[in-house]
Number of protein chains: 2
Amino acid sequence: MKNESITSRDVDFAKWYTDVVRAAKLADYTSVKGCIAIEPNGYAIWEKIQSIMDKKFKELGHVNVQMPLLIPEHLFNQEKELIEGFAPELVWATEAGDKKLEERHAIRSTSETVFCDYYKKHLTSYKDLPLLYNQWCNVFRYEKETRPFLRSREFLWQEGHTVHATAEDAEAETKRMMDVYMWFNNEILAIPSISGKKTEKEKFAGAEYTLTCEDLMYNGVCLQDGTSHYFGQKFSKAYDVKFTNKDNKDEYAYYTTWGKTTRMIAAIIMVHADDYGLVLPPRIAPKQVCIIPIGKSEEVDNLCKIYQEELSKNDIVAYIDNSDKSPGFKFAEAEVNGIPVRIEVGARDLEKGVITFARRDTREKIEVSKDVDIASYTKDLLETIQKDMYEKAKERRDKLTFTAKTYEEMRDILNTQPGFIHADWCGDEECELKVKELKGCKSRCISEEPLITGKCVCCGKEAKHHVIWGIQY
Amino acid sequence: MKNESITSRDVDFAKWYTDVVRAAKLADYTSVKGCIAIEPNGYAIWEKIQSIMDKKFKELGHVNVQMPLLIPEHLFNQEKELIEGFAPELVWATEAGDKKLEERHAIRSTSETVFCDYYKKHLTSYKDLPLLYNQWCNVFRYEKETRPFLRSREFLWQEGHTVHATAEDAEAETKRMMDVYMWFNNEILAIPSISGKKTEKEKFAGAEYTLTCEDLMYNGVCLQDGTSHYFGQKFSKAYDVKFTNKDNKDEYAYYTTWGKTTRMIAAIIMVHADDYGLVLPPRIAPKQVCIIPIGKSEEVDNLCKIYQEELSKNDIVAYIDNSDKSPGFKFAEAEVNGIPVRIEVGARDLEKGVITFARRDTREKIEVSKDVDIASYTKDLLETIQKDMYEKAKERRDKLTFTAKTYEEMRDILNTQPGFIHADWCGDEECELKVKELKGCKSRCISEEPLITGKCVCCGKEAKHHVIWGIQY
């Protein structure tokens with residue numbers, strides 16, 4: 001049963017996206033311009049994301065902290081590149097009660113300034129290093145065009161801020177955390193991301209370099225979905241973050257930051273959802289199984305309960321939809337909400353000794369004996385779904401990955417079907433800007449694969465980098 | 001070994017408090033006036049608080065959401081009492097990038113306005129009710145005098161916002177959540193709180209009534225530590241929050257909110273800590289046991305590891321302090337950080353076949369056979385400590401609980417030793433204000449116990465309520 005309120009994604013992708021968000025009750029617009037309310041179904045996904053990522057961070061030795069929301073202007077101004085990069089997006093608090101504040105305070109759009117200010121005060125010796133701090137919080141960026149999860153003036157994220165005694169350690173951390181992000185996207189979100197270094201033009205304001213994690217959406221548009229920055233001593237110099245090194249000399253600390261946001265929920269939708277609504281990979285689904293009784297009978301009710309208990313005992317999150325809605329309505333609701341597996345327990349089916357499993361990803365129905373080992377069968381099915389969802393997304397990504405040897409080839413691809421486009425580049429910003437004239441196509445990241453032609457796709461001169469390009473959200 | 005950096009609490013309580021906060025590395029001041037950085041040790045306590053409270057909320061059917069940080073002025077203005085109550089503390093965002101915002105936006109100091117605005121849009125039928133929403137977030141109040149955790153311009157909290165189809169249901173929720181708070185304080189934080197209704201003067205701006213949870217600090221000063229508000233239909237009328245009731249008629253929804261904050265960490269300190277630093281009740285301690293090896297030997301190292309593994313297997317959070325500091329330094333560090341139990345494993349002790357347990361709360365040392373069933377012994381000891389800490393705090397609270405029959409008696413008590421003061425009251429605000437002239441003493445809550453003299457402690461007229469009074473933070 002197709003949900004009539006969802007536009008087809010092949011007809012109007014943008015409308016389809018917001019339809020899916022609304023139908024699954026993930027978020028809604030509010031009276032606060034550009035800001036969303038994250039509703040229970042959406043927030044439950046974020047909680048699941050947080051719990052898995054936070055556990056991994058802690059395994060790697062990170063600890064959580066909480067720094068102030070407001071940043072005094074003078075602090076921001078200490079790092080020119082940062083303030084220049086963020087200035088147009090900053091929201092400023094200027095009044096308290098009925099008085100003007102002595103100094104404007106920016107609502108944090110990122111927290112490098114306050115972390116560096118903290119480290120400046122607290123770093124002493126190399127013996128204290130590294131400090132591996134992370135914070136889960138809200139940030140605010142005054143975006144002009146907004147869409148739920150994808151780009152919202154306020155969003156939730158984690159921001160890691162670490163200081164190290166050597167450049168080597170800090171660079172290792174920058175890479176390690178990008179590896180964690182890639183693991184999370186691939187293994188948990190079933191999103192086959194790619195990663196690499198950003199070009200100078202696209203890197204984070206003030207960073208030495210930025211590693212990025214890039215996803216390809218169903219429509220061939222790219223999404224930046226996690227970045228890890230190496231700052232070297234740039235910020236430590238601006239904020240005077242020093243420690244005493246092994247030779248008993250003052251040295252500026254080596255600094256990294258890395259972040260991933262509620263935008264991940266947009267990626268899940270645009271990679272996995274379909275015209276029937278949300279599709280959640282089992283490992284990130286807050287509710288993995290919906291058990292639906294059909295027809296009133298004691299046997300139906302008992303079996304539903306037994307299944308639910310058995311699944312819960314085996315760490316599978318299952319619930320029974322006991323509402324007085326019709327079975328058809330319940331099916332559609334579980335579907336629109338992206339619940340990976342639906343188990344239909346019907347009085348008539350039971351006469352034949354069977355129950356029905358329905359996979360959300362393929363919408364396939366499977367009849368199974370009612371005496372099946374419910375936990376082990378469901379566990380296997382959830383794993384299969386997780387794997388299949390990844391494979392399907394990877395197949396699509398590969399199909400939408402192209403190679404361009406010339407500017408004309410690039411134009412043709414972008415006019416026909418956008419995607420990840422591999423093409424060589426001379427390293428010149430002018431050429432990047434010229435590629436941008438093609439539907440706003442930008443460099444996503446520098447690939448470590450060998451050069452393709454050895455000539456820049458744009459100017460034809462000697463190429464320095466094999467770059468992956470694409471249109472971005 | 002007394003930590004020299006901690007002032008005695010009997011000498012200068014205020015200084016002692018900040019000394020404990022700094023020595024245990026819970027939080028520090030920042031360059032942002034009135035705002036603190038919550039450091040790893042402090043944030044770990046908050047995470048533990050969150051995990052236990054959140055689990056309880058969810059067991060009771062609550063779900064988490066996230067509403068916007070910024071509140072447009074017109075929305076705030078819809079509820080006069082709320083804006084009047086909060087106006088002096090509101091911080092206003094007025095600029096974005098280099099432009100003035102069309103409308104001022106307040107940084108949330110509480111979220112009744114945005115929740116009501118959301119409910120207005122989404123409520124339809126009584127069938128959807130109740131909606132039991134909660135959010136964990138930061139709020140901002142422009143306080144003049146601030147102290148870490150106790151009163152900070154920005155703080156973290158949870159705010160529950162629920163809508164119900166009947167007054168009865170909403171009142172039951174108001175009471176239920178105060179019961180949860182009382183359970184949490186008593187059972188988890190080992191704080192013997194009292195609870196009751198606030199007077200009209202002290203209730204939350206715009207509420208029908210407020211239930212409060214009040215703690216007594218070591219120095220006899222009171223701390224409000226959690227409130228639950230019943231709004232009836234007051235806010236729903238101001239924000240037009242309606243639903244269709246069973247008779248198919250429009251009805252304004254019944255609304256409750258309730259909140260508890262990082263101030264709990266201040267309460268833990270001011271109830272339990274001592275001149276040696278922080279003392280954490282075992283149930284809220286992020287790390288419950290510190291194992292300290294003394295002297296280098298294979299047996300010492302092996303035993304430490306075995307103990308740690310055995311404890312972890314039994315859900316006791318234990319760590320080994322393997323740093324190259326001296327044992328004395330390690331003892332002091334575990335002490336200052338409030339770790340409930342320290343296990344000293346010494347080469348010389350092992351020759352005698354014993355290890356030493358040290359309780360943080362009593363600082364008592366207990367020799368135990370090295371072959372003790374480590375998990376069960378430690379578990380029992382942690383439970384004993386939890387219970388003893390509660391009893392000790394309750395004894396002190398009872399000792400500092402007084403009864404005043406006249407204004408003069410009240411003055412004498414407040415001049416000698418403040419605490420919870422029971423006294424009858426006529427219900428007149430004037431008398432409340434006159435009591436306040438005594439060292440700022442305020443009504444904490446209305447007790448349900450019978451009247452004491454039947455006469456108002458202030459004016460001597462007929463009393464309406466048995467009230468508990470005290471000086472507050």
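In the predicted model, the C-alpha centres of domain 1 and domain 2 of chain A are separated by 40 Å. These two domains belong to a division of chain A into three parts, in which domain 1 covers residues 13–272, domain 2 covers residues 289–381 and domain 3 covers residues 401–470.

The arrangement of the two chains may be considered next. Two copies of a chain are related by a rotation about an axis and a shift along it. Here, a turn of 180° together with a shift of 0.0 Å along the axis lays chain B on chain A with an RMSD of 0.0 Å, which means that the relation is that of a two-fold axis. Within chain B, the C-alpha nearest this axis belongs to Ala93(B) and lies 1.9 Å from it. The same surface serves both copies, since 100% of the contact residues of chain B recur in chain A.

At the level of single residues, Phe86(B) illustrates the local surroundings within chain B. Phe86(B) is part of helix α4 of chain B, a helix that comprises residues 80–86. Because 22 other C-beta atoms lie within 10 Å, Phe86(B) is classed as buried, the cut-off for a buried residue being 20 or more such atoms. When neighbours within four places in sequence are left aside, the residues in contact with Phe86(B) are Ser109(B), Thr110(B) and Ala205(B). Phe76(B), for its part, is 10 residues from Phe86(B) in sequence, and the C-alpha atoms of Phe76(B) and Phe86(B) are 9.7 Å apart in space.

Technical notes:
Residues are numbered from 1 along each chain as its sequence is written. Chains are lettered from A and ligands numbered from 1 in the order in which they are written. This is a predicted model: local features need pLDDT of at least 70, side-chain atom pairs count only at pLDDT 80 or more; totals for chains, interfaces and linings use all residues. Copies are superposed by least squares on the C-alpha atoms of residues with pLDDT of at least 70 in both. Two residues are in contact if their C-beta atoms, placed from the backbone, lie within 7 Å. Domain bounds come from an automatic or database domain assignment. Helices (H or I, at least four residues) and strands (E, at least two) are DSSP runs, numbered from the N terminus. A residue is buried if 20 or more other C-beta atoms lie within 10 Å of its own, exposed if 12 or fewer, and partly exposed in between; C-beta atoms are placed from the backbone.
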